[in-house]
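Please open the structure in your viewer and keep the sequence panel beside it, since this tour moves from one selection to the next. At each stop, make the selection first and then read what is there.

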Amino acid sequence: MTRKLAAGNWKMNGTRAALENLSAIAEAHTAPSVDILICPPATLLMQSAGLTSGKPLDIGAQDCHAQASGAHTGDISAPMIKDAGGTAVIVGHSERRENHNETNDLVRQKAQAAHDAGLIAVICIGETLEQRESGQTLEIVGDQLTGSTPEGATPANTVIAYEPVWAIGTGKVPTLDQIGEVHDFIRKSLTDRFGEAAQDMRILYGGSVKPGNAAEIFAVSNVDGALVGGASLKEGDFSPIINALEAAV
Ligand code: PEP
């Protein structure tokens with residue numbers, strides 16, 4: 001079984017002073033029984049990778065372009081992330097889907113670019129509140145999953161993050177039954193498409209995970225870890241979440 005994963009998404013937060021928090025997280029978890037990934041802003045990628053080199057804490061980016069290089073001002077490519085010391089990249093975060101009009105097709109191309117560069121693609125999917133309230137959750141999540149996941153996805157190169165849009169940064173969390181329903185659905189969909197290997201593909205929950213709710217979320221079936229935004233910025237918040245995941249293994 002692939003190890004569970006505690007992933008942090010720092011979003012557009014953090015100057016070099018924030019590297020203190022990264023070092024503190026690394027120092028607090030010198031022999032973790034789960035994988036730990038922090039995705040700082042692109043400006044801190046190289047320094048973050050340098051700081052954590054040789055430690056059991058991986059560094060990833062928050063987005064990549066679908067092309068490996070070219071005339072794309074302001075973008076960074078998957079090979080550049082790899083070159084900077086990254087091992088993973090988040091693709092299809094709802095903030096990218098919404099603010100940059102990213103479609104499932106584009107997200108799949110970005111995930112493919114990540115795979116081609118030897119990076120793990122952390123593919124985000126999730127419904128809006130309106131979609132949940134109109135009973136479309138599984139349909140939307142299913143379409144996003146199928147449309148955003150490349151054919152060559154394996155447990156080694158792909159992580160799925162279920163992040164209900166309405167739970168991100170809001171303090172609102174689905175019920176444990178709702179989380180379980182979607183994670184079971186994602187596992188079944190992955191198994192239908194990729195066969196038994198999909199049992200080992202990690203499915204993270206994301207959306208207002210905090211020290212106070214992490215343990216109960218990690219006890220839900222088919223939850224293999226978390227993608228954490230706000231609570232990953234400080235060691236004091238992220239460490240208890242990592243500890244809860246370790247306790248759930
Ligand atoms: C996220 O940005 O992926 C996220 C889940 O944010 P938060 O934990 O702050 O809700």
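Begin by selecting the ligand together with His93, where, in this predicted model, an N or O atom of the His93 side chain lies 3.0 Å from an oxygen atom of the ligand. Taken alone, the ligand exposes 290 Å², and the protein buries 97% of that area. Add Lys11 to the selection, and you will find an N or O atom in the side chain of Lys11 at 2.6 Å from an oxygen atom of the ligand. Asn9 can be added as well, for a polar atom of the Asn9 side chain is 3.4 Å from a ligand oxygen.

Now widen the view to the shell of 14 residues around the ligand, of which Lys11, Glu163, Gly169, Ser208 and Gly229 come nearest. If you colour this shell by class, you should see four nonpolar, eight polar and two charged residues.

Next, select strand E7, which runs over residues 202-206. Are the faces of E7 covered or open? On one side Arg202, Leu204 and Gly206 are buried, and on the other side Ile203 and Tyr205 are buried too, so that both faces are covered. In a regular strand, the side chains alternate between the two faces of the sheet. Because five of the five residues of E7 are buried, this strand is largely enclosed by the rest of the structure.

Keep E7 on the screen and add strand E6, residues 158-162, which pairs with E7 in the parallel sense over four bridges. To look at one place along these strands, pick Ile160, which stands opposite Ile203 in E7.

Then turn to the cysteines, and ask how many disulfides the structure holds. There are zero. A disulfide is a covalent bond between the sulfur atoms of two cysteines. Select Cys64 and Cys39: the closest cysteine sulfur to that of Cys64 is the one in Cys39, and because they are 11 Å apart, they are too far from each other for a bond. Cys64 itself counts as buried, with 1% relative accessibility. Cys124 is likewise in no disulfide, and its nearest cysteine sulfur, that of Cys39, is 9.1 Å away. Cys124 also counts as buried, at 2% relative accessibility.

For the last stop, select Leu106, which has its place in helix H5, residues 104-116. Leu106 is partly exposed, with a relative accessible area of 28%. From here, draw a distance from the C-alpha of Leu106 to the C-alpha of Ser239, which are 34 Å apart in space, while the two residues are 133 residues apart in sequence.

Notes:
Residues numbered from 1 in each chain as written. Predicted model: local features only at pLDDT ≥ 70, side-chain atom pairs only at ≥ 80, totals over all residues. Heavy atoms only, no water. Near = heavy atom within 4 Å. Polar contact = N/O pair within 3.5 Å; in protein donor to acceptor, adjacent residues only side chain to side chain. Areas by Shrake-Rupley, 256 points an atom, 1.4 Å probe, with all protein chains shown as cover. Nonpolar A, V, L, I, M, F, W, Y, C, P; charged D, E, K, R; others polar. Disulfide = S-S within 2.5 Å. Buried < 20%, exposed > 50% of the residue type's maximum accessible area, 1.4 Å probe, protein only. Helix = DSSP H or I, 4+ residues; strand = E, 2+ residues; numbered from the N terminus. Pairing = 2+ DSSP bridges.
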